[in-house]
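Hi everyone, thanks for making time this morning. I'd like to walk you through one model, so let me put it up on the screen.

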Amino acid sequence: MSHTTVIPASTYAGYPAIMTPHQLDTMRARAQRDPDGFWLEQARRVYWHRKPTQAFTGSFEGDVSIRWFEDGQLNVSVCCIDRYLTDRGDQVALISHREGRQASEKITYSMLHERVCRLANALTHLGVEKGQRVAICLPMVSEAVVAMLACARIGAVHVVLFGGFSAEGIAERLVDSGTVAVITANVARRGAKLVPFKETIDEALRKAGSASSVHSVLVVSTSDDPVLMLPGRDYNYHDFVDEFEADFVPVLMNAEDPLFLLYTSGSTGKPKAIVHACGGYIVWAAYTMGMVYTHQPGDVLWCTADVAWITGHTSVVYGPLANGGTTMISDSLPTHPYPGRWWDLVDQYKVTMLFTAPTAVRTMMAEGDEVVKKRDLRSLRLLGVAGEPISPDAWQWYHDVVGNKRCPVVDTWWQTETAGIVLGPMPGVQALKPGSATMPLPGVEMTLIDQQGGAVTGPGEGALCISRSWPGQARTIWGDHERFRQTYFTMAPGRYFTGDGAKRDSDGYYWITGRMDDVINIAGHRLGTAEVEEVLAEDHRIVESAAVGVPHPVKGQGLVVFVIPRKDAAGEVTEQALSRLIASQLGRYAAPEAVYLVPDLPRTRSGKIVRRLLRKIAEGQIENFGDLSALNDMAIVKMLCDRVWGQMAFSHGVPEQARA
């Protein structure tokens, strides 16, 4: 490996590690030797009404069947609330900060129980039954957490939808999931913008028409603006819900009953709903967050992810609460209304564990070190990232400047389909390597598969697969199990294929190289786009880059690179110099067809770059971008098209949704 920096665990001698390196090795060996016994032991992390006697009962072969703890019964809301009422009823479970409001909400476990029970009663009154789907389309407000837990309490399947989706995107998901009720807000604040949630839901329901099963809409008033309500369908959330009893007997669920659906984009742009089950999911959430983000008394975990993504589900809601911790949510942006806003919130709420996306780290890094150094930040003891690979440069900045070289950085890799962390370090136990997601958690059996379909032993590179099921594994794609089988189990039969490529070094550390479909064949030379981005990441004047392949009449494919320079280096960086840098580091065959300096890239709200959109723009396929409803900022599309093709081409070719 080219990355040689190693930060030994002894660097963090004062960190409250949960085990010794020897104990971690023993745990791994136990999981390998007796997986059923190991996972039944981990299942004790949560409260069961009927304890399971079976661990995994399924197969990656044939039609593929994923089942965990099948004979167990539980209720996930009990695992997250009721079990802590006696000992921690007065402990703060949730801190909810909203920009523009002077006071934050500090909700104890007892208060959370009352709010969840009131909503459970209200939903039941509206006719929502066990197994039916409830859509939650809310900003980062306390009602979003309450709504998820209330659905779990009555056995309804929640479908959390990102508020930035278009009306078309929401309509498609409401119809596909068969949603019967929606919980939304009138508006959401996104920096200086107000996002009209209720209007979008209304438009989505009009577009869905008779195909929709929605009979009730609860609306949280997040501002004093008037809200258009449809009598008989729409209810003011608090006026309606607060009148119900503050107690509700939880519905008993079988471990394999679905807990939630979560939509994720496919490679074609068509969204698919990943299904997660009650028992395996909550065990996995408790286990992964308990291993990597260990709550100590007085800890405050702030994971900045939106609850509409899997990181928000597991690292904001279910993981922290299943471990009896304090979790924080906020609708703030890292640099609005001024640079360093998030650092002020860390100081204000004495955040001890900060978990964010590499995109946010790069955004704050671009603002300069002085913004960070003006703040105290001594409450922090752990820093984390997930969502995409982080460059060694950004990792080092996060560690050295934000963490002042005393906070471990846990770089984790996982997916909607894995439900929680599968690659990540045990802080204070394992050495850290900037840019590496470290090793699989105990019980996760990672394998690299080469181009011939064989397993790579020792150091090497290949397709990242998982050879044995884990409790948090997705069960299926809603309504399309064959697509589930084809997508994840045909590339490497008998194994789960993650879709990503990875390298493994001689110490067994993994380095994610990006999506396997992000490999370009230039005149017979295979080039991973991550290799290009890695070269640029070593230039401290570059904040971030994204490389894509485009058709080429002679080479087969050519390389196009989009680059965000640091603000204080914009005049120093030229497209020609960056092209020469790539060619000099990777070979002349890798010289890009074009390099574009841009202020930003198209991203989902969770910070992931939408590479299929960059490919289409680079190729000039600007007539049909597919589903853009997950984009964080639609204006980026116009900016990029103008940059690459000029305003005339954009105005004639781009769909109305992107032009808005």
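Let's begin right in the middle of a sheet. In strand β6, the bridge partner of A135 is V182. Please keep in mind as we go that this is a predicted model.

That pair belongs to a longer run of pairing: β4 and β6 are parallel, with five bridges between them. Strand β6 covers residues 179-185. How many of its seven residues are buried? The count is seven of seven, so to speak a strand that is mostly covered.

Now look to the other neighbour of β6. Strand β9, residues 216-220, runs parallel to β6, and five bridges join the two. If you want a place to point the cursor, A181 stands opposite S216 in β9.

Let's go back to β4, which spans residues 133-137 and also pairs with β5. That pairing is parallel again, over four bridges. Here the residue to find is I136, whose bridge partner in β5 is V160.

What connects these two strands? Helix α6, residues 142-154, joins β4 and β5 in a β-α-β unit, and the unit is right-handed.

Strand β5 itself, residues 157-160, is a nice one to rotate on screen. V157 and V159 point one way, while H158 and V160 point the other way. Are those residues buried or exposed? They are all buried, on either side of the strand.

Let me zoom out to the whole protein. We have 21 helices and 28 strands. The C-alpha atoms fill a box of roughly 70 × 60 × 55 Å along the principal axes. For 660 residues, a compact globule would have a radius of gyration near 26 Å, and the 24 Å of this protein agrees with that.

Burial and contacts add to the overall picture. Of the 660 residues, 61% count as buried. Among contacts with a separation of 6 or more, 71% are between residues 24 or more positions apart. The accessible surface comes to about 24,900 Å², and carbon and sulfur atoms hold 49% of it.

A quick word on annotation. An unreviewed UniProt entry places the feature "domain: Acetyl-coenzyme A synthetase N-terminal" at residues 25-80. In the model, that span is 39% helix and 4% strand, and its end C-alpha atoms lie 29 Å apart.

I'll finish with two residues that I'd like you to click on. One is Y349, in helix α12, residues 341-349. Why does Y349 count as buried? Because its relative accessibility is 8%, and the cut-off for buried is under 20%. Leaving aside neighbours within four places in sequence, Y349 is in contact with I95, H97, S104, V300 and M328. There is also S379, 30 residues from Y349 along the chain, with the two C-alpha atoms separated by 9.0 Å.

The other is S545, found in strand β26, residues 542-552. S545 is buried as well, with a relative accessible area of 7%. Which residues does S545 touch, not counting those up to four places away in sequence? They are E533, L536, V561, F562, V563, L601 and I609.

That's my tour, and I'm happy to go back to any of these views.

How values were computed: Residues numbered from 1 in each chain as written. Predicted model: local features only at pLDDT ≥ 70, side-chain atom pairs only at ≥ 80, totals over all residues. Heavy atoms only, no water. Buried < 20%, exposed > 50% of the residue type's maximum accessible area, 1.4 Å probe, protein only. Pairing = 2+ DSSP bridges. Right-handed = clockwise from strand over helix to strand, strands pointing away. Rg over C-alpha atoms; globule rule 2.2 N^0.38 Å. Contact = heavy atoms within 4.5 Å. Areas by Shrake-Rupley, 256 points an atom, 1.4 Å probe, with all protein chains shown as cover. UniProt positions renumbered as here; feature names shortened; annotations may be inferred.
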